[in-house]
Amino acid sequence: MTKELSMQELLDQQEQLLNSIKVGDTITGTITKVNNDELTVGLNMGFDGIIPVNELNLPKNTEIADAYKVGDEISAVITKVSEKDGTLKLSKLKLDMVNDKEELAKAHADHKIVTAHVVKTIPRGVFAAYKSVELFIPISQLNTKFVNDTKEYEGANLEVYVIEYDEKANKIVGSHREVLQERLDQERKARREKIQAEREAERQRVREERAAEKARVQAEKEALIDSLEVGQKRHGKVTNIVSYGAFIDLGGVEGLAHINNLSWKRVESVEDMLEVGQEVDVYVLEVNKESGRIGLALKDINNDPWELIAKEVKVDDIITGKVVRIIDRGAFVEIKEGVEAFLPISHLKEDRVANVSSVVNPGDEVTVRVLTLDPSHKRMSVSIKDVNKEPEEDYSEFLNTEEELGSTIGDLLKGKLNNQK
């Protein structure tokens, strides 16, 4: 048989329940009574909860009886515990505010648009309600254009981005301007994309025309390259000058005349010989049909001065030339146009020379003896100090016969001297 609880035990049990309930907790119950100014909620704990009308978060101009009925389930936040009469003061408004603030916090984090209703205007901006929560929209965030008077927004529903959310400071700031600007940007983007598409179509048409023209030009270029042969003489026009040579158009293809191939003489600067637009005759030195590279020469490749000098001069000949430049190790002497010989500092004079310019300078005419001559590599060396030196006797003719193998050099010289007598 179940033991019945005494009144005191019931009171103690109720007190324990009340002590376990904390202000701020969320609790759920069933509506047992609907009055004009409050709702009574049964909590299945032996006591009731009361929600005043101002804590119900009712829509404007809505009565309690229009929104709630007996038997409806409702959740609310505990705002006060009354031990005297065993009731709890509840607030659905605070619970809604918690949920609505969470929605605004998420909208801020996700950069999501929400709709708020303007409930109050001040010169600096407007206050707008998002469900149960108010947020502030500064005047600078109301429109993309300058706003003179915020009253024109009174009662308006505005789509906004939450641009600042500070729950501790209870500060929530919205921006209608960002929504408007975003839509303007989208419209402008759509217009730009349309214009871009039209331009791209036009560019494609031009590209196709250019590709066809390029193919035609390329075919003509290849035909011209195929017609070129090494050694040919061609007429062209200088199109560009660089430090290492000049580019010359042969009538559809360009070739490079290197600075070393402009003249048989030494060329200090390409600009000294050529200018852009100048028409010239050139010789084809190289044709690479795979790369399209063409080597040209402005100098007459059929009249190599080194080949000519090899026929006119030999080692030990005494010749004259003009000093064209000097360096620390000697001087360069022009023997004839396109042929320069090197005059070492050690061959300037018998005595030791410390400074080349103390003996010769550019423009000086000098008489020299040929020391070495290598036309194939375009090299020659000469000497001033050896000009008056007697050439060494060549005794090889006396050493070629078997009969004279036992003779001495002295015998040979003696015989030669006797012959001279």
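**Exercise 1.** Which residue of β14 does Arg-234 stand opposite? Place the pair in its sheet.

*Solution.* The model is predicted.
- Step 1: Find the partner. Arg-234 stands opposite Val-282 in β14.
- Step 2: Find the strands. β11 covers residues 233–242, and β14 covers residues 279–288.
- Step 3: Read the pairing. β11 and β14 run antiparallel over 5 bridges.
- Step 4: Set this in the sheet. A closed barrel of 5 strands follows the order β11-β12-β13-β15-β14, with mixed pairing. On average, neighbouring strands of this sheet are turned by 50° against each other, direction ignored.

**Exercise 2.** Trace the hairpin of β14 and β15. What is the bridge partner of Val-287 in β15?

*Solution.*
- Step 1: Fix the second strand. β15 spans residues 293–297.
- Step 2: Count the bridges. β14 and β15 pair in the antiparallel sense over 5 bridges.
- Step 3: Name the partner. Val-287 bridges to Ile-294.
- Step 4: Inspect the turn. The hairpin has 4 residues between the strands, and Gly-292 takes a positive phi near 80°.

**Exercise 3.** Describe the largest pocket. Which element gives the most to its lining?

*Solution.*
- Step 1: Take the volume. The largest pocket has about 540 Å³.
- Step 2: Go to the centre. Of 19 lining residues, the closest to the centre are Trp-264, Arg-266, Trp-306, Glu-340 and Lys-378.
- Step 3: Assign elements. β18 (339–344) and β20 (379–383) are the elements that give two or more residues to the lining. β18 gives the most, with 3 residues.
- Step 4: Sort by class. The lining has 8 nonpolar, 3 polar and 8 charged residues.

Conventions
Residues are numbered from 1 along each chain as its sequence is written. This is a predicted model: local features need pLDDT of at least 70, side-chain atom pairs count only at pLDDT 80 or more; totals for chains, interfaces and linings use all residues. Side-chain values use heavy atoms; hydrogens and water are left out. Two strands pair if DSSP finds at least two bridges between them. Axes are lines fitted to C-alpha atoms, for helices over the stretch in contact, and angles run from 0 to 180 degrees between N-to-C directions. On a 1 Å grid over the protein atoms alone, a cavity is a set of points where a 1.4 Å probe fits but cannot get out, and a pocket is an open set with protein on both sides within 12 Å along at least five of seven lines; lining residues have an atom within 4 Å of a point. Grid points are joined across faces, edges and corners, and a volume is the space filled by probe spheres set on the points. Ala, Val, Leu, Ile, Met, Phe, Trp, Tyr, Cys and Pro count as nonpolar, Asp, Glu, Lys and Arg as charged, and the others, Gly among them, as polar.
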